[in-house]
Amino acid sequence: MSPFAITLDFQRGVLEPCNNFVQRHLSDMRGMYLDAAATEKATKKGDPLLYEVYQYDIPFETGQLLVVTTVLQSGKVGDEYYMTKGHFHEKEDTAEVYLGLQGRGCLLLETAGGDFEALPVKPGTLTYIPPYWAHRMVNTGEENFVFFGVYPADAGHNYGDIEKTGFAKVLVAKDGQPTLVPNPKRGKR
Ligand code: S6P
Ligand code: ZN
């Protein structure tokens, strides 16, 4: 294939051109937020858009890299900040880099072995997600949280258990401040 150049709008997160655009609404994340009643209520009342993903697809082959931006809206379901679904890579020994472009957020990471990390992200924060670490971004700010990512094109995604029971800790607002608390759903896997 030939080299190419595309445009990334740092403010809006839009990749141009883009051949893989995904929108996730609250109804796509049923059961992932702790407050089931708040989820139902907000889903019925307009099913808010939570995030958009702009990816420039190239062949999903070993040796290639995918570039992707995510625009995560600001808001909460109950006390819990809007977040991405989060995933392990299907090919678990693949890493990823995230670069914060706009807004404020937090990267939650964990391994199948029980290690957990939380890294605050602001514009210019470059985070490295090593192989074997599941990753989820959370918008802890009051504006859109925009970040760029690059990862191996053959990595794939495994949402599996994370869809059912989430990460070891969840980010909630307590007295207006983002606070990590243990996830009561864990231990039920
Ligand atoms: C892909 C990369 C991101 C996420 C995106 C949405 O490996 O980590 O592009 O796909 O931020 O998150 P999720 O968890 O819904 O795929
Ligand atoms: Zn990933």
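**Exercise 1. The metal site**

What arrangement do the six donor atoms around the zinc ion (ligand 2) make? Work it out for this predicted model, and then place the donor residues along the chain.

*Solution.* Begin with the residues that hold the metal: the zinc ion (ligand 2) is coordinated by H87 through NE2, H89 through NE2, E96 through OE and H135 through NE2, at 2.1 to 2.3 Å. Next, take the angles, for which six donors count as octahedral if opposite donors are over 155 degrees apart and all others between 65 and 115. The six donor atoms around the zinc ion (ligand 2) subtend angles of 70 to 172°, and the arrangement is therefore octahedral.

Then turn to the sequence, where the donors of this zinc ion follow the spacing H-x1-H-x6-E-x38-H. H87 belongs to the loop between β7 (80-81) and β8 (96-102), while H135 belongs to strand β12 (residues 133-139), so this pair ties together parts that are 48 residues apart in sequence. Finally, consider the surroundings of these two histidines: H87 and H135 are both buried.

**Exercise 2. The six-stranded sheet**

Establish the strand order of the open sheet, identify the edge strands, and describe the pairings of β4 with β5 and of β8 with β11.

*Solution.* As background, strands of a sheet pair through backbone hydrogen bonds, either parallel or antiparallel. Here six strands form an open sheet in the order β3-β4-β5-β13-β8-β11, and the pairing is antiparallel. At the edges stand β3 (20-25) and β11 (126-129), each of which has a single partner strand, so one side of each is left without a neighbour in the sheet. Neighbouring strands of this sheet are turned against each other by 20° on average, with direction ignored.

For the first pairing, strand β4 (residues 49-56) and strand β5 (residues 65-72) are joined in the antiparallel sense over six bridges, and Y54 stands opposite T69 in β5. For the second, β8 and β11 run antiparallel and are joined by four bridges, with Y98 standing opposite T127 in β11.

A last step concerns the two faces of the edge strand β11. In a regular strand the side chains alternate between the two faces of the sheet. In β11, T127 and I129 make up the covered face, whereas L126 and Y128 make up the uncovered one.

**Exercise 3. Aromatic pairs**

Classify the ring pair of F4 and Y56, and say which parts of the chain the pair ties together.

*Solution.* A pair of aromatic rings is described by the distance of the centres and the angle of the planes. The structure holds four aromatic pairs. In the pair of F4 and Y56, the ring centres are 5.0 Å apart and the planes stand at 45°, so the pair is tilted; the reasoning is that planes under 30 degrees apart would count as stacked and those over 60 as edge-to-face. F4 lies in the segment before β1 (7-8) and Y56 in strand β4, so the pair ties together parts that are 52 residues apart in sequence. F4 counts as partly exposed, because its relative accessibility is 44%. Elsewhere, ring pairs link Y98, F145 and F147 into a cluster, and Y98 is the residue already met opposite T127 in β11.

**Exercise 4. Cysteines and backbone details**

Count the disulfides, assess the exposure of C18 and C106, and then examine the backbone at P17, Y132 and D175.

*Solution.* The rule for a disulfide requires a pair of cysteine sulfur atoms within 2.5 Å, and by this rule the count comes to zero. C18 counts as partly exposed at 28% relative accessibility, whereas C106 counts as buried at 10%.

For the backbone, start with the peptide bond from E16 to P17, which is cis, with omega near 0°; P17 is placed in the loop between β2 (15-16) and β3.

Continue with Y132, which has a positive phi of about 80° although it is not a glycine. Y132 is found in the loop between β11 and β12, and its relative accessible area of 48% makes it partly exposed.

Finish with D175, which is likewise not a glycine and has a positive phi of about 50°. D175 is located in the loop between β14 (169-174) and β15 (177-182), and D175 is exposed, with a relative accessible area of 81%.

Definitions and conventions
Residues numbered from 1 in each chain as written. Chains lettered and ligands numbered in written order. Heavy atoms only, no water. Donors = N, O, S within 2.8 Å, 3.2 Å for Na, K, Ca; no water. Tetrahedral: all angles 85-135°; square planar, octahedral: opposite > 155°, others 65-115°. Buried < 20%, exposed > 50% of the residue type's maximum accessible area, 1.4 Å probe, protein only. Pairing = 2+ DSSP bridges. Axes fitted to C-alpha atoms, helices over the stretch in contact; angles between N-to-C directions. Phe/Tyr/Trp six-rings, centres within 6.5 Å; stacked < 30°, edge-to-face > 60°.
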